[in-house]
Amino acid sequence: PPPPPPPPPPMAPGVPMPPAAPAIPKGPQLRGLHWKKVSGARLDDSLWIKLDEPDLGEAIAQDLRKLFTVKPLGGKKGGNSSAAVSTPSKKVSLLDMKRSQQIQIELSKFKKLAAVSGQMRAAILKMDEDVIKAEDIPRLRACAPTPEELEMLQPYLTSAVPTDALEPAAKFLLEMATIERLGQRLLRWQSKLAFPARIADAESQVRAITAAVECVPRSTTLKSLLALILNMGNVLNEGSMRGNARGFESDVLLKLSETKSGVTEEHPNQTSLLHYVAKVSAERRKDVQKQLKHELRMLEEASALSSAGLIAELDSIDKEVGSLKSELPLFEASASDMDRFFMVMSKYCETASGQAEQLRQSVALMHAGLKSLSVYLGESATATEPEELLSRLNAFTVSFCKACRDNEREEHMRKKKELAQKEQKQRQGARKVPVKPIATANHKMNQIQNSLRRGEFAMMKKIQEQMSDELNLKMRARRQNVGDD
């Protein structure tokens, strides 16, 4: 007699034992309707439990089989029953086409190992990071069997139903279903692989905010500008309740551009207090814009960061590490050279806890620095967004530098206009070359009329004689030219 079939692979824990495996129907293969069955507690108090479903009847059932047959039963025409029996078995489709294609597309991205040969399963159990990279974990999680798919696969897990006829995607799910707590493994593995980058990013943010906090007290240019603004503000507020101030909160730095000057004959162009501060400070120190930007260069990066986001990230890391600690005992019994999850993640859990605690201490020191900066500038403490002060100072730095550039551009245009006006006046004041008037007949007639009005008859007669002589000369020259021709 033939040897007995091999025992089925172990069932994934947490999945209830299904009923006996359904018998594989004989006859033509039908196009299945890939739905998700409602079962268990979800059936309670649902409409499905109350449905009075009538029997379809044999006629409708036969009609359905004829309409939705993938391929007619039997072989070629004229063939006998023995030929039909020897026809290779068709693939069994447990999954809908979209899900099957999704799994096969994701698995095609794994170039170094075959998905359905035990290699993928072994790599997951051993946590082989040379084979499975950080970007591969989300693909595996997307391909992990769902509870509905596990239920469909149970006949193949708990009985001797052959799996050769299953499509590749279903075979992969069947292999993944034999891994104990697959979803938890992949989720914690993904957290482990992402942990170094998350810690490095958080530490970088802490360093950026700390450097920004430290650069503000060291800036001598900022101190001189704040003193200049204080003096100007006291002049403008003279005689009011806001006058004689010894300091001001930094929020007014963003309002300097909104304080506009009046328009007079002496100052026809309107300007802002910010541009006037930039003008006076540039007159006192030409490189004030460059120096302020250099001294407060650390503010630009820190102004885009949020301490609340850092705290949220740190809390998320602590929560993930705490969940891992509570789950580790569940994997201790299966720990072996083939299943290294417990050993690898135990070591990671200890390391991650230490680094997270160091990061929390760094964040606490960062908050202390932000608080001391608020005290240094005489600010009212803001518990929600303590780094808002850095954003305000950076915005002032940017607007001040822009005002300096605006003033430089305006001064350049003013000098250019003055030079053009000066050159125009020089051209207008230059002497003109005198032009000798041309004696014409009209000119002679004007002289005769003027002489006649003044009663200078002798002059009039003389001019007439000149005109006669000139006319005779012209006539003689014309006759000579005609004779030469």
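The following exercises, each with a worked solution, concern a predicted model of a protein.

**Exercise 1. Overall make-up**

Task: State how many helices and strands the protein has, and what share of its residues is buried.

Solution.
Step 1. The secondary structure comprises 18 helices and zero strands.
Step 2. Of the 485 residues in the protein, 29% are buried.
Step 3. Among contacts with a separation of 6 or more, 75% join residues 24 or more positions apart.

**Exercise 2. The largest cavity**

Task: Determine which residues line the largest cavity, and which helices each supply at least two of them.

Solution.
Step 1. Searching the whole structure yields one cavity of 30 Å³ or more. The space in the largest cavity is about 40 Å³.
Step 2. Its lining consists of Arg188, Ser191, Lys192, Glu320, Val321, Leu324, Met345 and Tyr348.
Step 3. Three helices, α9 (182-218), α14 (307-332) and α15 (341-376), each contribute at least two residues to this lining.
Step 4. By character, the lining of the largest cavity holds four nonpolar residues, one polar residue and three charged residues.

**Exercise 3. Aromatic pairs**

Task: Give the number of aromatic pairs, and classify the pair of phenylalanine 195 and tyrosine 348 by its geometry.

Solution.
Step 1. The count comes to three aromatic pairs.
Step 2. For phenylalanine 195 and tyrosine 348, the ring centres are 5.6 Å apart and the planes meet at 85°. Planes over 60 degrees apart count as edge-to-face, and this pair is accordingly edge-to-face.
Step 3. Because phenylalanine 195 belongs to helix α9 and tyrosine 348 to helix α15, the pair ties together parts that are 153 residues apart in sequence.
Step 4. Phenylalanine 195 is buried because its relative accessibility is 5%. Tyrosine 348 is likewise buried, at a relative accessible area of 11%. Tyrosine 348 is also among the residues that line the largest cavity.

Task: Explain why the pair of phenylalanine 396 and phenylalanine 400 counts as tilted.

Solution.
Step 1. The ring centres of phenylalanine 396 and phenylalanine 400 are 5.9 Å apart and the planes stand at 35°, so the pair is tilted.
Step 2. Both residues belong to helix α16 (residues 388-429), where they are four residues apart, about one turn of the helix.
Step 3. Phenylalanine 396 is buried, with 0% relative accessibility, and phenylalanine 400 is buried with a relative accessible area of 0%.

**Exercise 4. A charge over a ring**

Task: Identify the ring over whose face arginine 181 lies, and give the distance.

Solution.
Step 1. The ring is that of phenylalanine 331.
Step 2. Arginine 181 is placed 5.8 Å from the ring centre.

**Exercise 5. The second largest pocket**

Task: Describe the volume of the second largest pocket and the origin of its lining.

Solution.
Step 1. The volume of the second largest pocket is about 1,100 Å³.
Step 2. The pocket is lined by 32 residues; Thr271, Tyr276, Lys279, Asn407 and Glu410 are the ones nearest its centre.
Step 3. Helices α11 (273-284), α12 and α16 each provide at least two lining residues. The largest share, nine residues, is from α16.
Step 4. The lining of the second largest pocket comprises eight nonpolar, 13 polar and 11 charged residues.

**Exercise 6. Three polar or charged side chains**

Task: Decide whether glutamine 289 is buried or exposed, and list its contacts beyond four places in sequence.

Solution.
Step 1. Glutamine 289 is located in helix α12 (residues 288-295).
Step 2. Its relative accessibility is 17%, so glutamine 289 counts as buried; the limit for buried is under 20%.
Step 3. With neighbours within four places in sequence left aside, glutamine 289 contacts Phe400, Cys401, Cys404, Arg405 and Glu408. One of these, Phe400, is a member of the tilted pair in Exercise 3.

Task: Classify glutamate 106 and glutamate 357 as buried, partly exposed or exposed.

Solution.
Step 1. Glutamate 106, in helix α4 (residues 97-107), is buried because its relative accessible area is 17%. Residues up to four places away in sequence apart, glutamate 106 touches Arg139 and Cys143.
Step 2. Glutamate 357, in helix α15, has a relative accessibility of 42% and therefore counts as partly exposed.
Step 3. The C-alpha atoms of glutamate 357 and aspartate 318 are separated by 8.9 Å, while the two residues are 39 residues apart along the chain.

Terms used:
Residues are numbered from 1 along each chain as its sequence is written. This is a predicted model: local features need pLDDT of at least 70, side-chain atom pairs count only at pLDDT 80 or more; totals for chains, interfaces and linings use all residues. Side-chain values use heavy atoms; hydrogens and water are left out. Buried means under 20% relative accessible area, exposed over 50%, partly exposed in between (1.4 Å probe, protein chains only). Contact means heavy atoms within 4.5 Å. On a 1 Å grid over the protein atoms alone, a cavity is a set of points where a 1.4 Å probe fits but cannot get out, and a pocket is an open set with protein on both sides within 12 Å along at least five of seven lines; lining residues have an atom within 4 Å of a point. Grid points are joined across faces, edges and corners, and a volume is the space filled by probe spheres set on the points. Ala, Val, Leu, Ile, Met, Phe, Trp, Tyr, Cys and Pro count as nonpolar, Asp, Glu, Lys and Arg as charged, and the others, Gly among them, as polar. Rings of Phe, Tyr and Trp (its six-membered ring) pair if their centres lie within 6.5 Å; planes under 30 degrees apart count as stacked, over 60 as edge-to-face and the rest as tilted. A charge sits over a ring if NZ of Lys or CZ of Arg is within 6 Å of the ring centre and within 35 degrees of the ring normal.
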